[in-house]
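Hello,

Here is the structure you were expecting. My notes follow below it.

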Amino acid sequence: MAELRYNRMVAAALADAMAEDRSVIVLGEDIGGGGVYGATRGLKERFGPDRVLDTPISEATFMGAAVGAALSGLKPVVEISFMDFLTFAMDPLVNQAAKMRFMFGGQGSVPLVVRAPHGGGVSGGAQHSQCLEAWFAHVPGLKLVCPADPPSAYGLLRSAIRDPDPVIVIEHKALYAARIEGPENPPILPIGKAHIARPGRDLTIVTYGAMLRHVNKAADGLAAEGVEAEIIDLRSLQPWDEPTVLESLTRTHRLVVAHEAVEAFGIGAEIAARMADIGFDELDAPIVRVGAPFMPSPLARELENTYLPDADRVIAAAKRVLE
Amino acid sequence: MNMRQCLDSVDRAVELLHIPGAGEKMTNATPRAKPLDISKMKALYRTVLLIRRAEERIRDLCVEGAVPGFIHLSIGQEAVAAGVMSALDPGDTVTSTHRGHGHAIAKGVPLEGLFAELLARDEGICRGRGGSMHLADLSRGLLGANGIVAAGLPIAVGSALAHRSLGRTLLAAAFFGDGALAEGLVHESFNLAMLWRLPVLFVCENNGWGEFSPSAGQLAFALGDLAKAYRLPHRLVDGNDVAEVAAATAKAVASVRRRDGPYLLECSTTRMRGHYEGDPQRYRNPVDIAESAARDCVAIAAAKLRDMGVSAAAMAKIEHEVDSAIAAAVAAARAGRAPSFDAAAADAYAARIG
């Protein structure tokens with residue numbers, strides 16, 4: 001066992017992938033010096049400037065270049081400093097990378113990985129805090145994963161780099177400094193598989209990413225009141241592990257879906273809709289979602305603390321489905 | 001699909017490009033500075049004529065209602081595609097535009113697959129899913145026509161990065177029109193390609209129009225001046241003279257392959273049709289259309305061949321061969337199968353998981 005840090009596990013996954021496969025390159029703004037979060041620290045020294053490319057502040061074009069490189073034999077891993085900046089790179093991701101294999105009649109694929117941190121809690125304000133994963137989950141041709149802890153940061157990134165399709169790895173700014181005890185060499189985790197983070201019999205709480213911490217805290221609070229919540233960490237958002245969620249629902253008959261992203265039209269809406277459909281006969285209560293209110297992310301700590309979903313909100317939702 | 005299968009499909013994708021791996025010696029990468037001989041000029045004429053006749057056939061098929069989707073013809077601009085491709089190696093990669101039939105033909109995409117795609121048949125190079133605006137043939141280095149103006153430039157920049165990173169002596173060529181020049185992607189791509197000294201040949205097909213408006217009303221700069229700002233080597237040529245385009249491209253390609261970095265070739269050309277088939281062109285002055293016709297690249301190439309002493313019979317033979325090839329391809333395309341929905345849906349991903 002060792003102390004695992006999220007940003008170091010990202011760097012370790014990149015280093016292991018680069019050592020294993022010469023076609024893996026890393027590019028992004030300021031990454032040679034470790035990037036904003038230290039998630040690429042040491043890579044330039046080890047693999048050189050031809051494989052660790054510091055780009056100009058030019059997201060649309062270096063993302064487009066990554067698409068072209070992926071079509072021509074490389075496996076580029078792009079770092080976007082803040083997920084909000086993907087707005088500049090929508091064309092190469094949505095119109096190009098996501099559709100090429102399909103539009104080209106199955107010729108080739110685009111083995112591109114994009115690492116994009118989302119999330120608030122750092123007074124980033126409305127342009128540096130957004131959780132935009134639902135946008136990308138809505139685009140056929142893209143895959144999305146969202147590691148909630150340091151071992152998943154390693155395991156999911158390794159899978160993303162090996163995957164033949166474009167994969168967006170959504171990290172969380174507040175997690176980079178997170179550390180937990182874990183195995184020195186964490187396993188590679190498959191895309192599309194959820195993880196039952198905590199077994200329980202009374203209700204199922206589905207979550208992903210940094211929200212898992214709040215859900216864990218909520219489950220502790222509920223346990224003190226004699227309620228056993230089962231927690232599912234989705235790990236993968238597109239595709240998401242529908243069978244695991246459904247199976248849990250058949251045991252607990254109650255479902256809460258919690259995420260930091262704005263609740264309306266979010267990932268939780270899709271999960272709730274699917275379970276209301278294929279899991280209808282299993283449900284003993286309405287499905288309740290927990291997410292941010294429908295407003296931009298505010299700056300002031302007092303405002304942001306109220307804005308961000310937390311354990312209390314999860315407990316309140318759990319109590320609603322347990323009524 | 002398991003991990004092994006995922007990796008296999010990546011290998012297959014790379015194999016599709018048929019690009020020699022690192023360290024492998026490419027075909028002669030030195031410039032072809034030979035003076036233009038008759039056989040080379042005949043080949044150029046043949047390509048120009050093939051594109052013209054193929055697009056005239058596409059126009060007729062559009063009128064007939066046999067071609068679904070939006071069709072943009074490059075009639076009047078054929079010499080750019082023919083001249084530029086004549087100086088590229090088969091492994092060089094190309095990104096094209098919405099006006100891309102000529103690029104595909106000149107890059108060597110078989111006419112059967114091309115027409116079957118335009119008629120949206122299963123035998124099409126993209127199995128009827130792409131059509132005119134998404135023609136792609138990775139095995140021949142055609143990384144796609146593109147429905148998004150200027151989107152091909154960064155893709156070519158990245159393809160050039162892959163060529164260099166993997167030790168290939170190949171280049172990537174990006175075609176775009178003057179209608180793309182106000183897009184930020186053009187400016188950013190010039191910057192990135194120059195900054196990283198990548199083997200990119202930028203080819204601007206300057207026909208004076210951006211969709212339905214003159215580009216003079218859209219641009220505050222001349223392309224040559226913009227190139228200077230990026231210290232990007234730039235040359236302006238008569239894009240309707242296929243021999244001039246071919247010679248200028250050979251020089252540009254030599255410069256790029258010497259690892260001098262990217263090069264911008266601006267080809268002054270003429271759009272003889274509307275923005276799309278069906279465009280009544282009410283915005284266009286009849287004098288301008290007549291002037292375009294007077295600079296017809298097919299006529300210019302034919303006159304050059306005649307001046308070189310090629311007989312009328314030899315010219316007629318080329319025409320006959322071109323027309324026969326097109327007729328056969330159209331007949332085959334008409335006999336093609338409807339695409340399968342299940343096969344299409346399955347190709348949204350290379351590896352389905354879960």
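Which residue forms a salt bridge with Asp347(B), and how far apart are the closest N and O atoms? The partner is Arg101(A), and the closest N and O atoms are 3.0 Å apart. Please bear in mind that this is a predicted model.

**The interface**

The count of salt bridges between chain B and chain A is one. Polar contacts add to the picture: 18 residue pairs meet the rule across this interface, both residues at pLDDT 80 or more. On the chain B side, four helices each supply at least two residues that touch chain A: H1 (3–16), H6 (152–165), H7 (184–195) and H13 (341–346). By residue class, that side of chain B divides into 33 nonpolar, 12 polar and six charged.

Now the overall extent. In total, 51 residues of chain B contact 51 residues of chain A. The two chains bury about 4000 Å² between them. Carbon and sulfur atoms give 66% of that area.

**The cysteines**

The disulfide count over all chains is zero. Take Cys204(B): its nearest cysteine sulfur belongs to Cys267(B), 7.9 Å away. A disulfide needs the two sulfur atoms within 2.5 Å, so this pair does not qualify. Seen from the other end, Cys267(B) is in no disulfide either, and the nearest cysteine sulfur is that of Cys204(B).

Are these two cysteines buried or exposed? Cys204(B) is buried, with a relative accessible area of 0%. Cys267(B) is buried too, also at 0%.

Best wishes

Notes. Residues numbered from 1 in each chain as written. Chains lettered and ligands numbered in written order. Predicted model: local features only at pLDDT ≥ 70, side-chain atom pairs only at ≥ 80, totals over all residues. Heavy atoms only, no water. Buried < 20%, exposed > 50% of the residue type's maximum accessible area, 1.4 Å probe, protein only. Contact = heavy atoms within 4.5 Å. Buried area = accessible area lost by both parts, 1.4 Å probe. Salt bridge = Lys/Arg side-chain N within 4 Å of Asp/Glu carboxyl O. Polar contact = N/O pair within 3.5 Å; in protein donor to acceptor, adjacent residues only side chain to side chain. Nonpolar A, V, L, I, M, F, W, Y, C, P; charged D, E, K, R; others polar.
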